[in-house]
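Open the model in your viewer and keep the selection tool ready. This tour goes stop by stop: select, look, move on.

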Amino acid sequence: MGRRLLVLCLFVAGAVVVAACAFRGGSGSPAPTGSVRAPGGRAGATASSAPAAPLPRGDVTIAAVGDVVLGTLPDSLPPDDGASFFDPVDGLLTGDVVLGNLEGTLTTGGTSKCAYLDGPNCFAFRAPPSYGRLLGKAGFTVMNTANNHIDDFGAQGRRDTFDALRAADVRFTGRLGQITVQRVHGIRVALIGFAPDRGANDLTDIPAAKELTARAAKTADVVIVTMHAGAEGSDRTHVEPGTEYFLGEDRGDGYRFSHAVIDAGADLVVGSGPHVMRGMEFYKGRLIAYSLGNFTGYKVLGLGGNLSTSGVLQVALRADGTYVSGHLRPTRIVEPGTPEPGGEAIDLVSGVSEEDFGAHAARVSAEGEIRKP
């Protein structure tokens with residue numbers, strides 16, 4: 001009795017591309033490593049005459065942060081080789097899935113993009129590949145690489161970054177066609193990263209984004225989508241209607257994109273990119289955090305006010321993706337760019353959520369509890 005399975009295939013040839021491909025195996029053949037089976041009860045699963053497997057039970061706990069910059073070579077790196085970099089927030093980066101946006105590369109090779117891009121607004125970030133272990137030690141299980149900095153040092157920088165994350169046992173997501181799956185006590189959690197940048201899943205191609213999200217929803221129990229979207233700046237805390245632009249670049253329509261991927265099966269959408277926190281809303285019972293701001297920015301990101309205001313989003317979802325609970329744990333970046341607990345994140349997010357989304361806004365209590373409207 002043949003059965004079609006989806007396998008995540010990794011192809012490396014200068015650039016890294018991960019795509020979904022089809023595999024046909026008999027009922028007596030073992031599933032290949034990395035394959036994922038359609039769950040018995042999720043919408044979109046293929047019907048079968050075989051008895052449906054019991055649905056996984058329990059909740060998935062998720063912690064998510066925004067942009068993570070560990071510094072940059074040659075002389076903007078933290079002391080003690082970064083060993084204590086995340087210590088002040090160690091108790092916050094806990095969960096089955098711990099997600100951040102890696103804003104930069106982990107490499108000592110490649111050629112900086114700023115060697116051939118004119119103007120004062122070119123920034124290229126790279127930390128040593130050994131810093132991948134700092135992310136693993138801090139608790140991160142997966143890093144988003146769909147952003148405008150993964151290509152700062154070309155193909156060599158990308159390869160070194162992916163190798164460094166693998167060596168630290170930290171997954172990554174965000175390359176074209178890539179669906180990353182993390183298993184959490186029997187629950188398959190799919191993670192997909194999107195950005196309006198070359199080599200990433202294209203945030204601006206909403207039909208393609210819906211198709212990829214729907215594919216993930218058919219093969220996993222919970223789907224988390226990350227987006228690197230929106231204009232940048234201390235005054236960009238509001239979700240603007242329509243497409244946003246920054247320095248002439250199309251930074252996507254985060255509002256339309258988020259609703260579209262939830263329509264296609266996403267259970268949680270987490271944003272970064274504007275370098276400030278933005279509001280949260282519930283759409284069809286699913287939480288959207290439009291931007292979690294800068295989590296770290298050692299000697300390379302602007303600090304002060306909204307630029308230093310950050311937080312850790314902690315969410316629990318059931319095995320079918322249903323929202324259970326959430327909290328916003330406020331953090332801030334202090335000179336020269338390290339994270340610590342505290343700050344004004346709760347007031348900021350609560351205020352802009354109500355202003356931008358009204359009746360659909362997430363209700364954030366003074367203690368940071370996130371409730372449905």
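Buried means under 20% relative accessible area, exposed means over 50%, and partly exposed lies in between. Keep those cut-offs in mind at each stop. One more thing before you start: this is a predicted model.

**Stop 1: Arg166**

Select Arg166, which lies in helix H2. Is Arg166 buried, exposed or partly exposed? Its relative accessibility is 37%, so Arg166 counts as partly exposed. Now add Gly132 to the selection. The two residues are 34 apart along the chain, and their C-alpha atoms are separated by 8.4 Å.

**Stop 2: the whole chain**

Zoom out and switch to a cartoon view. The chain has five helices and 23 strands. Of its 373 residues, 54% are buried. Look at contacts with a separation of 6 or more: residues 24 or more positions apart account for 69% of them. Turn on the surface next. The chain exposes about 14900 Å², and carbon and sulfur atoms supply 51% of that.

**Stop 3: the cores**

In soluble globular proteins, nonpolar side chains tend to be buried together. Here, select Val97, Val189, Ile224, Met280, Leu287, Leu313 and Ile370. These have the most contacts inside the largest nonpolar core, which has 34 residues. Helix H5, residues 345-357, gives the most to this core: five residues.

Stay with Ile224. Which residues does Ile224 touch, not counting those up to four places away in sequence? The list is Ile62, Val97, Leu99, Val189, Ala190, Leu191, Ile192 and Leu268.

A second, separate core has 29 residues. Select Ala63, Val89, Met143 and Phe162 to find part of it.

**Stop 4: helix H4**

Select residues 254-263, which form helix H4. Seven of the ten residues of H4 are buried, so the rest of the structure largely encloses this helix. The buried ones are Gly254, Phe257, Ser258, His259, Ala260, Val261 and Ile262.

What do they pack against? Colour strand E11 (187-195), helix H3 (206-219), strand E13 (222-228), strand E16 (268-272), strand E17 (280-283) and strand E18 (286-289) to see the partners.

Pick out His259 within H4. At 12% relative accessibility, His259 counts as buried because the cut-off is under 20%. Leaving aside neighbours within four places in sequence, His259 is in contact with Glu281, Tyr283, Ile288 and Tyr290.

Step just past the helix to Gly265, which takes a positive phi of about 130°. Then go to Lys284, in the loop between E17 and E18. Lys284 also has a positive phi, about 55°, although it is not a glycine. Lys284 is exposed, with a relative accessible area of 57%.

**Stop 5: enclosed space**

Rolling a probe the size of a water molecule over the atoms shows where empty space is left. A search of the whole structure finds four cavities of 30 Å³ or more. The largest holds about 60 Å³ of space. Select its lining: Val65, Leu99, Gly100, Asn101, Asn144, Thr226, Met227, Val270, Gly271 and Ser272. Strand E5 (97-102), E13 and E16 each give two or more residues to this lining. By class, the lining has four nonpolar residues, six polar and no charged.

**Stop 6: the largest pocket**

Move to the largest pocket, with a volume of about 860 Å³. Its lining has 34 residues. Select Lys113, Asn121, Asn148, His149 and Arg251, which lie nearest the centre of the pocket. H2 and strand E15 (249-250) each supply at least two lining residues. The lining divides into 13 nonpolar, ten polar and eleven charged residues.

**Stop 7: Phe153**

Select Phe153, in the loop between strand E8 (142-144) and helix H2 (154-167). Phe153 counts as buried, at 6% relative accessibility. Add Thr111. These two are 42 residues apart in sequence and 5.0 Å apart in space, C-alpha to C-alpha. Phe153 also has contacts with others, including Thr105, Ala124, Phe125 and Arg126.

**Stop 8: backbone details**

Where are the cis peptide bonds to look at? One joins Leu73 and Pro74, with omega about 5°. Pro74 sits in the loop between strand E4 (59-68) and E5. Another joins Glu335 and Pro336, again with omega about 5°. Pro336 lies in the loop between strand E20 (323-334) and strand E21 (338-341).

Finish at Asp81, in the loop between E4 and E5. Phi of Asp81 is near 55°, a positive value in a residue other than glycine. Asp81 is partly exposed, with a relative accessible area of 38%.

Conventions. Residues numbered from 1 in each chain as written. Predicted model: local features only at pLDDT ≥ 70, side-chain atom pairs only at ≥ 80, totals over all residues. Heavy atoms only, no water. Core = buried A, V, L, I, M, F, W, Y, C linked by side-chain atoms within 4.5 Å. Buried < 20%, exposed > 50% of the residue type's maximum accessible area, 1.4 Å probe, protein only. Helix = DSSP H or I, 4+ residues; strand = E, 2+ residues; numbered from the N terminus. Contact = heavy atoms within 4.5 Å. Areas by Shrake-Rupley, 256 points an atom, 1.4 Å probe, with all protein chains shown as cover. 1 Å grid on protein atoms, 1.4 Å probe; cavity = no way out; pocket = protein on both sides within 12 Å on 5 of 7 lines; lining within 4 Å. Points joined across faces, edges and corners; volume = space filled by probe spheres on them. Nonpolar A, V, L, I, M, F, W, Y, C, P; charged D, E, K, R; others polar.
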